[in-house]
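Visitor: Could you take me through this protein chain, beginning with its strands and ending with its charged side chains?

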Amino acid sequence: MRLRAFLVLVIRDKVDDDWGYVVLARDKQFVFRAIETEVSMKTRDEARMKMQLMIVKLLSSPQRIFDQGQ
């Protein structure tokens, strides 16, 4: 079984009518937790493109476990 390193969501804020993204990664207990977020983008495409750049940056690093402390 292969464990996924990251989960990503592109989200829309209907109240502000803008877009953002959330990147989740596993902590030491292998639970997905938010590690990167960005909001207030005007379009879904802008949010998607910025999210893809963040994933490229994260994948260029060997780190796959992100401890958030307790």
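The questions and answers that follow concern strands, core and charged side chains.

Guide: This is a predicted model, in which local features need pLDDT of at least 70 and side-chain atom pairs count only at pLDDT 80 or more, while totals for chains, interfaces and linings use all residues. Residues are numbered from 1 along each chain as its sequence is written, and side-chain values use heavy atoms, with hydrogens and water left out.

Visitor: Over how many bridges do strand β1 and β2 pair?

Guide: Helices (H or I, at least four residues) and strands (E, at least two) are taken as DSSP runs numbered from the N terminus, and two strands pair if DSSP finds at least two bridges between them. Phe-6 stands opposite Ala-25 in β2, and in the hairpin of β1 and β2, with four residues between the strands, Asp-17 has a positive phi near 55 degrees. Strand β1 (residues 6-13) runs antiparallel to β2, and the pairing extends over eight bridges.

Visitor: Which residue in the turn between β2 and β3 has a positive phi?

Guide: β2 and β3 are also paired in the antiparallel sense, over seven bridges, and Leu-24 has Ala-34 in β3 as its bridge partner. Five residues lie between these strands in their hairpin, and the one with a positive phi, of about 65 degrees, is Phe-30.

Visitor: How many of the residues of β2 are buried?

Guide: Relative accessible area decides this, with buried meaning under 20%, exposed over 50% and partly exposed in between (1.4 Å probe, protein chains only). Asp-18, Gly-20, Val-22, Leu-24 and Arg-26 point one way from β2, Trp-19, Tyr-21, Val-23 and Ala-25 point the other way, and all are buried. The strand is thus mostly covered, the buried count being nine of its nine residues.

Visitor: Which element supplies the largest share of the largest nonpolar core?

Guide: A nonpolar core is a set of buried Ala, Val, Leu, Ile, Met, Phe, Trp, Tyr and Cys residues joined through side-chain atoms within 4.5 Å. The largest has twelve residues, among them Phe-6, Trp-19, Met-51 and Phe-66. β2 (18-26) and α1 each supply at least two of its residues, and the largest share, five residues, comes from α1.

Visitor: Which side chain of opposite charge is nearest to Asp-18?

Guide: Lys and Arg count as positive and Asp and Glu as negative, whereas His and the chain ends are not counted. Leaving aside neighbours within four places in sequence, Asp-18 is in contact (heavy atoms within 4.5 Å) with Ile-11, Arg-12, Asp-13, Ser-40 and Met-41. Asp-18 is buried yet has no salt bridge, and the nearest side chain of opposite charge, 7.6 Å away, is that of Arg-12.

Visitor: Which residues are linked with Lys-50 in a network of salt bridges?

Guide: A salt bridge is a side-chain nitrogen of Lys or Arg within 4 Å of a carboxyl oxygen of Asp or Glu. Glu-38 forms one with Lys-50, the closest N and O atoms being 3.4 Å apart, and this pair links distant parts of the chain, with Glu-38 in strand β3 (residues 32-41) and Lys-50 in helix α1 (residues 44-59), twelve residues apart. Lys-50 also meets Glu-46 in a salt bridge (3.5 Å, N to O), and because these two are four residues apart in helix α1, they are separated by about one helical turn. The residues linked with Lys-50 in the network are therefore Glu-38 and Glu-46.
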